[in-house]
Amino acid sequence: MKDNNEQLSTLIDNEIIDHEVCESQLLDELITNKRQQAQFSRYHLVGDVMRGEVVDQFINIDISQQVMARIEKQAESAQVVTPDTPVYAMKESNNIVSFAKRFSQYAIAASVAGIVVLTSIVTSQPGIENNEPGIEVLNTVPFGGAVAPVSLQASHMQSKQAIKEHNERLDALLKDHQLQLQTQP
Amino acid sequence: MKLKILFSTLIAIVVVMTSGSTFAIETDGMNQASESYIAKKETLTAIEYLQFMQKSYKELNYELLYLNSLQSQVEPKQLIHGVVDDQEIAYFRFLNGAMRESLQYSGKISYFEQGTQAYTLESTLNRSVFANIANFDYEKGQDSYEYIILGKGRIAGKQAIAIRMISKDEYRYSYIVWLDVDSYLPLRLDTLNKSNLILDQVMVVSLLISEKVSPWLDKLSKQQLPQLLNLPQASQKEKSEWAINWLPTGFNVVRNDQHKLVMHNNEPVSYIMLNDGIVSVSIYISAKKITLDEKQKVIQRGATVLYTYQKGDIEINIIGDIPVVTAKRLIESISKVK
């Protein structure tokens, strides 16, 4: 295709001199192939524009028809999709539901102390703060990091599902904590 | 001869003492400080410095570029503060990564984040970086902290003075606050545990003070804010059914309610919030959902601790910038109200 275009372009520029066979082949194709024709006329237009031989109204790159066609099509499909649910019903619940969603991201990241909970467990760090046995200190990563929000170690006794749920809950608590801080009296 | 030995031991002791107590301050800075202190009798006391800092932080027009480092991670941030029509306005943003900005003005705080819809919350409390030390009642705080001038140094190209707030007991962290000697604005804040380990650090790298409020803030103050969101208030009138029978000095119960976790299936929790003017601690008491292998779990990041404790059918979670000991003792003191 690209090759053809190139040939077309040389044809228009009258640069094909001694490849007569090639030329006639090209012309044959041009007669039969609609796409080639369009290309051919476009090249001519480009050439004309470049040589400054074109008066403004001759360039009619008419997209308006296409646009109209699209709009009609969209209007059609929009009509089909239009839900029967009244709009106000959505608005009412909107405030809180989307709130949970929206809040969940930024407010944590914004806080200096945002914790989030992570994959790997780090065993007790003796000497720092707690030496008591039975207390594990988990290393944590902030929200923006690439670590999945999971935390407590999967000791063989506990199912992964339970741990996942527990971590989700901790995550929710942390977010709620941030939220409470924001709206502190 | 004996006298000479005595003298050298004395010097050695002094050296040991200074190096032990100054903690990360250059010794020449220390010398400077004591010299200037002797030279100028009218030099401010530690508490006066801190109170001047509070005033400056609220009243000046300034721009801070600072780094927040927490467990080997450093996050650069920007704060622009000003006063428009006698009201404080503060614009904050993260400088790296996704756009995250906030604007606090006239009792509201708005959050803007790339890819999510912006929202506004009602919040009268200043939430900016040094807000906790800028809002603290230092006079009252003398019950729980001692204030000591550590010495002078240089931060963000400014002459700075370091003041240490030492907790009088083990139930809260200590802090070192560095102030600009000229403007009294805070330049650095270290949070230390009782072994003097830095848990959290905020350090200013550039400070610009201007006569007039930043044109950017002026423009923002006239913008319309995003939609205001309200917390579900319905259940907040009810008090929690739990009481805390022990509080560390300086802490008060500022909230006591039952609410739902909007982020987690609307699960009901009893909630108590404690505050001492610098940190806030959240206590959640709820029904136990999953039994952990251990009765207690501690998650720590920087100064923040999340302590989970299970007892019978009950699970208690404590979140806040407090040492683990404090969380532990708080949990022990929780009892059900009859």
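# Exercises on a two-chain predicted model

Of the 185 residues in chain A, 21% are buried. Keep in mind throughout that this model is predicted.

## Exercise 1: Chain A and its confidence

Describe the secondary structure of chain A, then find where the pLDDT is lowest and highest among its elements.

*Solution.* Start with the inventory: chain A holds 6 helices and 1 strand. Read from the N terminus, their order is α-α-α-α-α-β-α.

Next, turn to confidence. Chain A has a mean pLDDT of 56, with 32% of its residues at 70 or more. Among its elements, the lowest mean pLDDT, 39, belongs to strand 1 (residues 137-138) of chain A, and the highest, 80, to helix 6 (residues 160-182) of chain A.

Then look at the stretches with low values. Residues 79-99 of chain A stay under 50 in pLDDT, and the model gives them 7 contacts beyond four places in sequence. The pLDDT is also below 50 over residues 102-156 of chain A, a stretch with 120 contacts in the model beyond near neighbours in sequence.

Finally, consider the range of the contacts. Taking those in chain A between residues at least 6 apart in sequence, 54% join residues at least 24 apart.

## Exercise 2: The open sheet of chain B

Work out the strand order of the open sheet in chain B and how its strands pair. Why is one side of strand 6 and of strand 7 left without a neighbour in the sheet?

*Solution.* Trace the sheet across: its 11 strands follow the order 6-5-4-3-2-1-11-10-9-8-7, with antiparallel pairing. Strand 6 (116-122) and strand 7 (145-155) of chain B are at the edges and have a single partner strand each, so one side of each lacks a neighbour in the sheet. From one strand to the next, the twist averages 15 degrees.

Now add the helix. Helix 3 (residues 46-59) of chain B lies across several strands of that chain, including strand 2 (73-84), strand 8 (158-167) and strand 7, and runs at about 65 degrees to strand 7 of chain B.

## Exercise 3: Two hairpins

Follow chain B from strand 4 to strand 6, giving the bridges and the turn residues with positive phi.

*Solution.* Begin with strand 4 (residues 100-105) and strand 5 (residues 108-113) of chain B, which run antiparallel and are joined by 6 bridges. B:R100 has B:E113 as its bridge partner, while B:Q104 stands opposite B:I109. These two strands form a hairpin with 2 residues between them, and B:S106 in the turn has a positive phi of about 45 degrees.

Continue to strand 6 of chain B, which pairs with strand 5 of chain B in the antiparallel sense over 5 bridges. Here B:K108 has B:E122 as its bridge partner. This hairpin also has 2 residues between the strands, and B:G115 takes a positive phi near 90 degrees.

## Exercise 4: Core and surroundings

Which residues touch the most other members of the largest nonpolar core? Is B:V254 buried or partly exposed?

*Solution.* The largest nonpolar core has 68 residues, and B:I163, B:V177, B:L179, B:Y307 and B:I318 touch the most other members. Beyond four places in sequence, the contacts of B:I163 include B:A46, B:Y49, B:L50, B:V177 and B:L179. A second, separate core of 8 residues has B:I89, B:A90, B:Y91 and B:L103 among them.

For B:V254, first place the residue in strand 13 (residues 252-261) of chain B. Then count: B:V254 has 15 C-beta neighbours inside 10 Å, so this residue is classed as partly exposed.

Terms used: Residues are numbered from 1 along each chain as its sequence is written. Chains are lettered from A and ligands numbered from 1 in the order in which they are written. This is a predicted model: local features need pLDDT of at least 70, side-chain atom pairs count only at pLDDT 80 or more; totals for chains, interfaces and linings use all residues. A nonpolar core is a set of buried Ala, Val, Leu, Ile, Met, Phe, Trp, Tyr and Cys residues joined through C-beta atoms within 7 Å. A residue is buried if 20 or more other C-beta atoms lie within 10 Å of its own, exposed if 12 or fewer, and partly exposed in between; C-beta atoms are placed from the backbone. Two residues are in contact if their C-beta atoms, placed from the backbone, lie within 7 Å. Two strands pair if DSSP finds at least two bridges between them. Helices (H or I, at least four residues) and strands (E, at least two) are DSSP runs, numbered from the N terminus. Axes are lines fitted to C-alpha atoms, for helices over the stretch in contact, and angles run from 0 to 180 degrees between N-to-C directions. pLDDT is the predictor's confidence in each residue, from 0 to 100.
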